[in-house]
Amino acid sequence: MQFNRYLQFIVLCTLLFSALAYADRVEYAISGVDEPMLTNVRNNVTAFRIGSGARVNSRLRRRLTDDAITATADALRPYGYFNPAVEVEITPQGTGNWLLSVNVEAGPPTLITDLHLELTGPGKDLDSLNKWYAGFPLQQGQVLNQVSWDQAKLDAIGLLEEEGYLQAGFSRHVIRVDALANTARLELVVETGPQAVLGSVTFKQEIVNDGILSSLRRFQEGDAYHAYLLEKFRLDLWRSGFFEEIEVVERRVLTANPPRVDFEVNVTPRLKNTYQGTIGYGTDTKARFQFFYGRHLLSPRGDNFDLRVGWQQRDN
């Protein structure tokens with residue numbers, strides 16, 4: 001009885017693995033479009049794959065064809081093409097192998113007939129924001145490109161946050177497409193919101209006196225928030241030589257008036273001892289060596305002790 005169960009299990013596994021081994025394979029070929037649309041079409045079309053063990057029959061071929069047409073149309077829309085002509089052909093390439101060919105005629109492009117771009121809020125005169133405005137990648141008469149549109153929006157928010165406008169957003173961001181006329185109207189209104197200020201700095205450490213670390217920051221409470229000030233602060237903490245790891249955590253209090261960013265500094269001390277030795281040879285000194293020993297954080301004042309010794313076979 002037990003032998004029969006083992007035999008049934010082996011037969012079942014054999015049938016399963018045989019089905020997997022004979023599963024049909026489908027390769028894809030895309031033609032008619034160039035980059036970057038080509039990659040987007042390929043990614044969309046190849047996302048629809050047949051399941052393991054499936055065989056390509058007439059029903060599956062219809063589904064693959066319909067899915068490929070829909071996926072291709074979806075892939076072209078971000079680049080301004082809403083009326084493509086898509087032909088799909090599935091042909092056998094030997095036993096169990098198929099080629100799904102997609103030929104794309106992108107059709108007429110969707111042109112921008114109207115663009116309303118506006119800057120509002122306290123930071124609207126910011127130099128970097130006005131450079132972004134002047135270099136906006138989409139203009140009237142150009143082909144609609146939603147990829148460029150999305151990237152431009154991210155760039156605007158990024159540069160505003162760098163300057164402390166942490167609640168920046170868009171009061172209006174609309175793309176109106178007339179797919180029949182192949183036209184688009186764009187509206188984008190940037191609202192900078194108020195500029196945040198720098199708040200308190202709390203040091204979570206018992207390594208050196210807080211007064212020593214406070215002298216490293218190059219800002220005072222109430223100063224306008226600028227991301228580069230935080231980068232300099234992190235760099236100065238590292239250059240102090242006191243710490244192995246440094247983490248500066250921002251605590252954004254955006255409901256305050258003005259919005260405020262407090263900071264929590266978490267650090268771990270560097271190793272107490274440093275040893276370093278070098279051995280070399282030069283035509284002027286011949287054999288030579290150097291040895292360095294450093295003892296760090298001797299007191300809460302951050303005192304260090306350094307010892308350097310060296311020897312060379314010939315003096316200069």
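Trp132 and Phe136 are both buried in this predicted model. Their rings form an aromatic pair of the edge-to-face kind, with 5.5 Å from centre to centre and 80° between the planes. This is one of five aromatic pairs that the structure holds.

Another of the pairs brings together Phe219 and Phe263, this time in a tilted arrangement, with the centres 6.1 Å apart and the planes at 55° to each other. Phe219 sits in the loop between α6 (210-214) and α7 (227-239), while Phe263 belongs to strand β9 (residues 260-269), so this pair ties together parts that lie 44 residues apart in sequence. Both partners are tucked away: Phe219 counts as buried at 1% relative accessibility, and Phe263 is buried too, with a relative accessible area of 2%. The two rings also belong to a wider group, as ring pairs link Phe203, Phe219, Phe233 and Phe263 into a cluster.

Trp132 turns up again where helices meet. Two packed helices are described by the angle between their axes and the distance between those axes. For helix α4 (residues 127-134) and helix α5 (residues 146-162), the angle is about 170° and the axes are 9 Å apart. That makes α4 roughly antiparallel to α5. On the α4 side, the contact is made by Ser128, Leu129 and Trp132; on the α5 side, these meet Ala152, Asp155, Ala156, Leu159 and Leu160. Sorted by class, the contact of α4 with α5 has six nonpolar residues, one polar and one charged.

Next comes a sheet. Strands of a sheet pair through backbone hydrogen bonds, either parallel or antiparallel. Here, three strands make up an open sheet in the order β1-β3-β2, and the pairing is mixed. Its edges are β1 (25-31) and β2 (85-92), each of which pairs on one side only. Direction ignored, neighbouring strands of the sheet are turned by 20° against each other on average. In the parallel part, β1 runs alongside strand β3 (residues 97-105), and the two pair over seven bridges. Ser31, for its part, stands opposite Asn103 in β3.

Two helices lie across strands of this sheet. Helix α2 (residues 37-46) lies across β1 and β3, and runs at about 155° to β1. Helix α3 (residues 58-76) lies across β2 and β3 instead, at about 145° to β2.

A few backbone details round off the picture. Most residues other than glycine have a negative phi, and most peptide bonds are trans. Against that background, the peptide bond from Glu35 to Pro36 is cis, with omega near 0°. Pro36 lies in the loop between β1 and α2, and thus on the stretch leading from an edge strand of the sheet to a helix that lies across β1 and β3. A cis peptide bond also joins Asn257 and Pro258, where omega is about 0°. Pro258 is found in the loop between β8 (243-253) and β9, the strand that holds Phe263.

Asn182 is unusual in another way: its phi is positive, about 60°, although Asn182 is not a glycine. This residue lies in the loop between β5 (169-178) and β6 (183-191). At 14% relative accessibility, Asn182 counts as buried.

How values were computed
Residues are numbered from 1 along each chain as its sequence is written. This is a predicted model: local features need pLDDT of at least 70, side-chain atom pairs count only at pLDDT 80 or more; totals for chains, interfaces and linings use all residues. Side-chain values use heavy atoms; hydrogens and water are left out. Axes are lines fitted to C-alpha atoms, for helices over the stretch in contact, and angles run from 0 to 180 degrees between N-to-C directions. Helices (H or I, at least four residues) and strands (E, at least two) are DSSP runs, numbered from the N terminus. Angles under 35 degrees count as roughly parallel, over 145 as roughly antiparallel, 65 to 115 as roughly perpendicular and the rest as oblique. Contact means heavy atoms within 4.5 Å. Ala, Val, Leu, Ile, Met, Phe, Trp, Tyr, Cys and Pro count as nonpolar, Asp, Glu, Lys and Arg as charged, and the others, Gly among them, as polar. Two strands pair if DSSP finds at least two bridges between them. Rings of Phe, Tyr and Trp (its six-membered ring) pair if their centres lie within 6.5 Å; planes under 30 degrees apart count as stacked, over 60 as edge-to-face and the rest as tilted. Buried means under 20% relative accessible area, exposed over 50%, partly exposed in between (1.4 Å probe, protein chains only).
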